[in-house]
Amino acid sequence: MPELPEVETIRRDLAAKVVGRKIMSVHILSPKSAAPNAVFLKKNLLGRKIIRLERRGKLLIFALSPSTDLLGSKSDSADYLLIHLKMTGQLIYVDKKDSLAGGHSLSAQAKSLAEAVGGTLPNRHTRAIIGFSQGARLFFNDLRRFGYLKLVGAAELAKILQNNYGPEPLTAAFSLTAFQSALTGRKTKIKALLLNQKIIAGLGNIYADETLWLARIHPERRAGALSAVEAKKLWRAINRIIGRAIEYRGTTFNNYVDAGGRQGNFFGFLKVYGRAGKRCPACRTTIVKSKIVGRGTHYCPHCQI
DNA sequence: CCTTGTGTTCTCCG
DNA sequence: CCGGAGAACACAAG
């Protein structure tokens with residue numbers, strides 16, 4: 001489940017590989033994964049350079065060089081490729097020298113990559129392949145097909161970002177006062193609020209649970225009922241957990257791998273997520289898992305009140 | 001049946 | 001009856 005730290009890890013690694021590179025080929029293996037459609041994506045990606053790679057919450061934004069197609073819409077030309085990995089998406093970059101196709105004489109890097117993706121690429125979950133010069137390829141794999149590639153113009157991108165994404169942890173926009181005012185008057189459970197991308201962009205189920213454990217707050221508490229002290233603890237916990245998780249290149253719980261096919265290193269730092277029935281590292285009480293706002297929620301019933 | 005991120009739809013309340 | 005908040009549902013597929 002790629003959340004902010006995992007998507008940021010992919011963004012950083014991938015930026016070094018693809019920014020400045022020209023797109024030489026586009027293969028859409030699963031039309032359902034491409035918006036508005038596979039034909040439009042192919043037509044508008046071919047021959048263009050990736051000039052920046054950005055991220056907003058869990059959304060990757062590939063900024064493209066201006067289109068040479070003078071017949072294209074001038075009002076809002078499709079200059080941004082959005083990629084969302086949702087639950088099971090992977091973006092894996094492979095240089096020609098690391099090609100998995102041969103099977104013989106693989107480099108050590110290629111071997112670990114092959115292990116991570118369960119064999120060769122493309123595999124049966126590959127939904128799209130973007131080819132660059134010198135045989136380099138970017139594979140979009142997505143077992144459950146919830147993720148997508150979507151090509152949009154600047155105006156549509158601005159609308160998407162404005163309508164769906166609140167401030168990012170670890171940025172000036174995510175100030176303590178901004179967080180406090182997002183809590184005031186809210187009757188929703190704090191767990192639901194943490195998952196709401198319009199309030200904080202980038203937290204998913206793993207980091208929401210970890211954050212609440214660190215702040216010692218019960219997931220069913222009403223957001224607006226948190227004291228000023230609790231709000232500050234939670235705000236600090238969000239920044240701490242997200243910062244640490246980025247440092248450790250994210251969490252591999254199920255099938256997350258980075259752009260090089262490597263696992264994240266934050267798994268061992270998880271205190272509650274996926275640890276139901278085990279003991280709380282702080283007090284030794286058995287960690288509970290329950291369903292809160294429709295999501296599996298892990299917490300310590302003793303520490304978190 | 002379970003899993004999750006997000007968009008959509010439903011329901012409630014003032 | 002309107003608007004907004006929050007909850008519930010829909011989606012995919014193993």
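**View 1. Arg-295 and a base of DNA strand B.** In this predicted model, where local features need pLDDT of at least 70, side-chain atom pairs count only at pLDDT 80 or more and totals for chains, interfaces and linings use all residues, a polar side-chain atom of Arg-295 lies 2.6 Å from a base nitrogen of DNA strand B. That makes a polar contact, meaning a pair of N or O atoms within 3.5 Å; within protein, one atom must be able to donate a hydrogen and the other to accept it, and residues adjacent in sequence count only if both atoms are side-chain atoms. Residues are numbered from 1 along each chain as its sequence is written, chains are lettered from A and ligands numbered from 1 in the order in which they are written, and side-chain values use heavy atoms, with hydrogens and water left out.

**View 2. The protein surface around DNA strand B.** Here you can look at the 17 residues that surround DNA strand B; a residue is near a molecule or strand if one of its heavy atoms lies within 4 Å of it. The closest are His-84, Met-87, Arg-144, Phe-146 and Lys-291. Sugar and phosphate make up 53% of the atoms of DNA strand B that come within 4 Å of the protein. Two side chains approach phosphate oxygens of this strand: a polar side-chain atom of His-84 at 2.4 Å, and an N or O atom in the side chain of Tyr-273 at 3.4 Å. Strand S10 (288-292) and strand S11 (295-299) each give at least two residues to this surface; helices (H or I, at least four residues) and strands (E, at least two) are DSSP runs, numbered from the N terminus. Sorted by class, the surface has 4 nonpolar, 6 polar and 7 charged residues. Ala, Val, Leu, Ile, Met, Phe, Trp, Tyr, Cys and Pro count as nonpolar, Asp, Glu, Lys and Arg as charged, and the others, Gly among them, as polar.

**View 3. The protein surface around DNA strand C.** Turning to the other strand, we find Lys-32, Leu-143, Arg-144, Arg-145, Phe-146, Arg-186, Lys-187, Thr-188, Arg-222 and Arg-295 around DNA strand C. By class, they comprise 2 nonpolar, 1 polar and 7 charged residues. Sugar or phosphate supplies 57% of the atoms of DNA strand C within 4 Å of the protein, and bases supply the rest. Look for three approaches to phosphate oxygens of this strand: an N or O atom in the side chain of Arg-145 at 2.7 Å, a backbone N or O atom of Lys-187 at 2.6 Å, and an N or O atom in the side chain of Thr-188 at 3.0 Å.

**View 4. Aromatic rings in the loop between H8 and S10.** The structure holds 7 aromatic pairs, in which rings of Phe, Tyr and Trp (its six-membered ring) have centres within 6.5 Å; planes under 30 degrees apart count as stacked, over 60 as edge-to-face and the rest as tilted. The rings of Tyr-248 and Phe-266 have centres 6.5 Å apart and planes at 50°, so this pair is tilted. Both residues lie in the loop between helix H8 (228-247) and S10, so their pair ties together parts 18 residues apart in sequence. Tyr-248 is partly exposed at 29% relative accessibility, whereas Phe-266 is buried at 4% (buried means under 20% relative accessible area, exposed over 50%, partly exposed in between, with a 1.4 Å probe and protein chains only). Phe-253 and Phe-267 make another tilted pair, with centres 5.8 Å apart and planes at 35°. These two phenylalanines also lie in the loop between H8 and S10, 14 residues apart. Phe-253 is partly exposed at 28%, and Phe-267 is partly exposed at 44%. One aromatic cluster is formed by Tyr-207, Tyr-248, Phe-266 and Phe-269.

**View 5. Asn-141 in strand S8.** Asn-141 sits in strand S8 (residues 137-142) and is buried at 1% relative accessibility. Its side chain makes a polar contact of 2.6 Å with the side chain of Thr-126. Leaving aside residues up to four places away in sequence, Asn-141 touches several residues, including Thr-88, Gln-90, Ile-92 and Leu-121 (contact means heavy atoms within 4.5 Å).

**View 6. A mixed sheet of 5 strands.** This open sheet runs in the order S2-S9-S5-S4-S3, with mixed pairing; two strands pair if DSSP finds at least two bridges between them. Strand S2 (34-35) and strand S3 (50-56) are the edge strands, each pairing on one side only. Strand S5 (residues 80-84) and strand S9 (residues 148-152) are antiparallel and joined over 5 bridges. Leu-82 stands opposite Lys-150 in S9.
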